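Here are a few short exercises to work through with the model open beside you. Try each task before reading its solution.

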Amino acid sequence: MATPALKMKMKTAGCAQSIVCDGNEAAAWAVALARPDLVAVYPITPQSSLVEYVSQFIADGKIEAELMNVEGEHSVLSALHGAALAGGRTYTATCGPGLAFMFEPYWRTPGMRLPIVASLVTRDGITPQCVWGGQQDAMTMKETGWIQIYCETVQEVLDTTIMAYRIAEHHDVMLPVNICHDGNYLSYGVTQVEVPEQSAVDDYLGEKNINWHVALDPLRPMAVDPLTGGAGGPGPGKFVAYRQGLCEGMQNALGVIEQAHSDWADIFGRDYAPLVEEYRLDDADYALVTIGSMTGAAKDAVDSARERGERVGIIKIKTFRPFPVEAMARALKKVHAVGVVDRSVHYGWNCGPLFQEVLSCVYRTGKPIATGSFIGGLAGADLTETHFTRAIDRTAQLLAGTEFDGPVWLNEND
Amino acid sequence: MNTTHYLIAGASHAGLEAAHRIRLVDETSPITMVTRDAHPPYSPTILPYVVSGQSEPGRVVLRKPDWFEQHNINLVSDDELVAIDEAQRQVTLKSGQQWQYEKLLLATGADPIIPPIPGLEKTPFHVLRTMQHAVALRDHAGKAKRAVVLGAGLIGMHGAENLRHAGLEVTIVEMCDQVLPGYFDSRAASVIEEAFNDNGIRMLMGSRVVEVEPEGEGCRIQLENGDSLETELLLVATGVRPQLDFLAGTSVANDQGILVDDRMRTSADNIWAAGDVTQATDFYGDKPVMMGILPDAVTQGAVAAMDMSEDHALKPYAGGVPINTYTFFGQQAISVGQSMAEDGIEELTRLDDDNRGYLKILLRDNQLHGISSINQEMDAGIMWQLILRRVDLTPVRDAFIERPLETGRALMSSTWR
Amino acid sequence: MTAYNTIAFDPSRCELCNDCDACITACAQVKSGTDNPLHSRIKIVAGFNGNDPELALCRQCGDPECVKSCPSTALTKNPETGMIDWEKSLCVDCLLCTVGCTYGGITYNATLKHVAKCDLCDGDPACVKACPSGALTYVTSASIFNEQHEREDLFVPGLSACQGCNSEMIMRHSLRKVGPDTVLATPPGCIPGMGSVGFNGTTGTKVPVFHPLLTNTASMLAGLKKQYNRMGRNVTAMALAGDGGAGDVGFQSLSGAAERNDQVLFICVDNEGYMNTGMQASGSTSYGSWTTTTPVGSQMKGKRTGQKNLAMIMMNHNCEYVATASTAFVEDYYEKLDKALEASERGFAYLHIYSPCPTGWRFPSSQTIEVCRKGVETNFAPLWEYERGGELRFTHSIDNPLPVEAYLNLSGKYRHVSEEQLAHIQEQVNERVKTLKRFAGMN
């Protein structure tokens, strides 16, 4: 596995300890450091060990939070709604069918502008029945108004989960955040992780102010989410204003995410590309576009290809919602062809969802960039250097003018 | 300049009910009541009993001072309304006080009519409309042996009976040939007259006074038929009418009384009227009528106040229905609604064996038009409601005619739950 | 204005037709030492055209017209007892009081030669004690009014409930009692539909109010309450939900919160269906009921299955407190609300209130309370309570119930019910009472 693209900055805060853990435990450590008021849990593969860790941390006093063992994901998020409206910082984690069951309150959370943070330990969709990793669950939710940030490494899971509170609770944002880490690969992948100091995290997150804008509090009574005018009565003005506000919050989030990352780097010395990471791109003729933990193997494949003389790079997306249109277009402009590797399917366009978004950005570049869609890693399948080497070869052919219809299914013969 | 939100002129039944009703929906706006009496509020109806000594002035106070305090009502006593400037929404009182109001209720009641009898102006006589009058009459009665009462209306009859109870020889002089005209038919009137005769009161019906003159401690009364009466005490009870001088220069329309609509609004903005001062809608006809009945004054006060305070529960005034519950020498005469049959009215009459009890039911299209009785158990309030609500008696007609009391009770009780 | 205790009369129980005059004789005895009915201040009169008997008796009105019509101050409304007192020494026998009274409550007694009226026998009325059929009861429900009317109504005026709906009454009474330190959640249904959560940026409630999902009221409130506990603030988390939001699609959330014994006061206002969206059937809709999704036609005669008994299911969660209530028995409801509120400090409290719907059940809007009453008196909707660790306790006798027709006949939604269906409903009612009795340790 290639070294994560970390530009180490001068640290001003030390790490409390260095541990060896998987991504689920790393997320639990992040939750502990973020000091939530209420955590509601319901287990589901491959998230289960995450809520086990959080529960154990609470049992051990490592997290001083209310723990609600709720009867299902629908109520998990509902309980978080209540706590957030009362001013509490909240956390949960879910994925796959659990996320689907949570959909009703999930769908509503951004509209109420509740800064809830939830990990999605991404899992492929059913049917066929499948308990393995994949990003179909998260990608299905991309138009609900949640911020979605995808992690590449276990350390990044820990760091970004803490950053998520800073982003969600920023007064220009006030939106829920999903930190997505790949089921199987990040949930169970074990590495050495640095755990930041509590005091430094406290300083980084600052005072919480969750319900300054909307509250269920007898000290300042209000009706939360009354009916709006719409087709009848006073007209849809208020409704439209809510929608516009949500879109503005999403756009504001781009800058806030960048700031959260750069502040993090200043304090903790780990500097991640907040929106789009460019890897060996500056002199590239073409590139792969990746998302999440697959990027490590992709980077190994690119390194190997470079040794063969291929002028290939990587554009990795970290923030998928809001989509960093400008950053993506800037990266795309540097190449003439891209192969986009998705870990999920966009049924409507017969491609991957990320591919479809990239395609829109190509138009923004004003350049006739050749594009191809690769779908791999479904149902927890491994995406290895071999798979990426195939993708690189195929993308190189695009550059030469050999286009192809439909996606390339990287695992179909595995 | 004093200011108030509600100004209520008059503090008897209509005015007091109005103040009460306003406070049910408006706890804060200032209310000021003005009464010409120095005495705390009382009912004019009680005055004959003060004369006889049965009621003591200090025990018939309708609202004690703490009631006004509790309800945050400013009571101005011993003063009265003399002028209204409706454009400026100001009134002037007899004392010279001026008040600025938002809403004005005129509930000033009525005053005795003094008939144009030659010699009356130089003769000492009594009227009975205020506590002051009653106390003066009571004190005089204690010293007098004989009394003459001019008029056999309600005040005259009550006054005469109570003077009799006080031990005087009493004579009633009435121009009409029956007592209580307009309230009871001649048959009922004759029962009443008989009771008065039986109790030693001389009843000079169909008699007209042509002159009075002072004589000794009292006076001498010359009748049209040539007879004359001597008496120490003369009570003039020939009716009442509102005193309306304070309306001069205003646009408040009036006839015998102040004309009001079914919300007790006068023709002038921000001015309402209720009680004996009004000439309000007649339940039975188009012409406005003077009513002068206590429960009706309460109703009018309530309607006026609910309109003034914009109480949405307001039900418009249904119109005046004559009602009289008259007790005399231990007997009762009760009349609700019309007492005389006219075209289109069905009259059903029943006499007791001894001719002392009597019941008459008037129906129009199987709705109760009026009911009157002598010495019969009768729920006047139920009958009033049957008339006001125009209850269709068709399904219970026979039962009602047979047993009006029970049937009326069953009808009203069925509306309760 | 104040109202107080009074004697209530249930004509359907009165035995006047069987020549019973126990109340009249008892009153005459107490007031005169004789059996002469003329001395009775309570009069029972035959109903017209074969209807139930009716009553002439002083209602001890709150704003009495007899008192207003009294010129002598002989009649006064006693602010302490609420009784209309009559003082003989002040009375001048003018009978104007009888003009004020619409119910024959004060009448002239020719023997005594003055008016007479009921004085409630100092709070222990002889007529009520004498009544063999339970038609007369001494009710103190007005004392609730006296206790509550000083408390602030925490809903705005002018909620747009259908005419005759008792939900608004339930809402106003309940929140008045629970008080301002409350967060109220009203999931989709009639209660928010009538404007309690406001509209387009306004509010209909003076406490914080939330329009949660139909599905998540209990868990949302549970999370909220946990946060307030954490902050050291005593805030009541209260739900006013319909039967759908409680027992159908909202049931998982409700059950979970009850299982966890979360500190929530959950009030289910059960109108047996989705009335706000046009009277569709819910799990709580009773067997045989017409609704727009259990219609009456040649192949179907209303709902084909029985109702889910949510209150019993909630009792089996063994949470802090579970009770049923009816707005025909408001005192009973108030006692249960007190207990539920107190229980919600410790854990989950669930109240199930029957809320007959004049619009959807098709009965006149004036009959709501009567339908409530008959529901209880037929054992269709028995009143009981359960406290954690204890036994179920009936709070209204289940003995000698009226036949279930007495309840069904009031509502148009049962109009089509056949003899067989009726027998089935009666059997269901009997079975349910039997089950409840087992929980009450009765057999």
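**Exercise 1.** Which residue in E12(B) does Val170(B) stand opposite?

*Solution.* This is a predicted model, so please read every value here as computed from it. Start at Val170(B) and look across to E12(B): the residue facing it is Ile201(B). Next, widen the view to the strands. Strand E11 of chain B covers residues 169-174 and is joined to E12(B) by five bridges. The two strands run parallel.

**Exercise 2.** Explain why strand E12 of chain B is largely enclosed by the rest of the structure.

*Solution.* First locate the strand, which spans residues 201-205 of chain B. Then apply the cut-off: a residue is buried when its relative accessible area is under 20%. Four of the five residues of E12(B) are buried, so the strand is largely enclosed by the rest of the structure.

**Exercise 3.** Work out how the radius of gyration of chain B relates to the globule rule.

*Solution.* Begin with the secondary structure: chain B contains 25 strands and 10 helices. Its radius of gyration is 22 Å, and the globule rule gives 22 Å for 417 residues, so chain B is as compact as a globular protein of that length. For the overall dimensions, its C-alpha atoms fill a box of roughly 65 × 60 × 35 Å along the principal axes.

**Exercise 4.** Do the same for chain A, using its own radius of gyration.

*Solution.* Chain A has 18 strands and 13 helices. Here the radius of gyration is 21 Å, close to the 22 Å from the globule rule for 414 residues, so chain A is as compact as a globular protein of that length. Its C-alpha atoms occupy a box of roughly 65 × 55 × 45 Å along the principal axes.

**Exercise 5.** Describe burial, contacts and surface for each chain.

*Solution.* Take burial to begin with: 55% of the 417 residues of chain B count as buried, and 63% of the 414 residues of chain A do. Now consider contacts with a separation of 6 or more. Residues 24 or more positions apart make up 62% of these in chain B and 81% in chain A. Finally, turn to the surface. Chain B has an accessible surface of about 17400 Å², with 44% belonging to carbon and sulfur atoms. Chain A exposes about 15300 Å², and carbon and sulfur atoms supply 52% of that.

**Exercise 6.** How many positive and negative side chains does chain B have, and how far apart are the centres of the two sets?

*Solution.* Count each set: chain B has 35 positive and 58 negative side chains. Then compare their centres, which lie 3 Å apart.

Key. Residues numbered from 1 in each chain as written. Chains lettered and ligands numbered in written order. Predicted model: local features only at pLDDT ≥ 70, side-chain atom pairs only at ≥ 80, totals over all residues. Heavy atoms only, no water. Rg over C-alpha atoms; globule rule 2.2 N^0.38 Å. Buried < 20%, exposed > 50% of the residue type's maximum accessible area, 1.4 Å probe, protein only. Contact = heavy atoms within 4.5 Å. Areas by Shrake-Rupley, 256 points an atom, 1.4 Å probe, with all protein chains shown as cover. Lys, Arg positive; Asp, Glu negative; His and termini not counted. Charge placed at Lys NZ, Arg CZ, Asp CG, Glu CD. Pairing = 2+ DSSP bridges.
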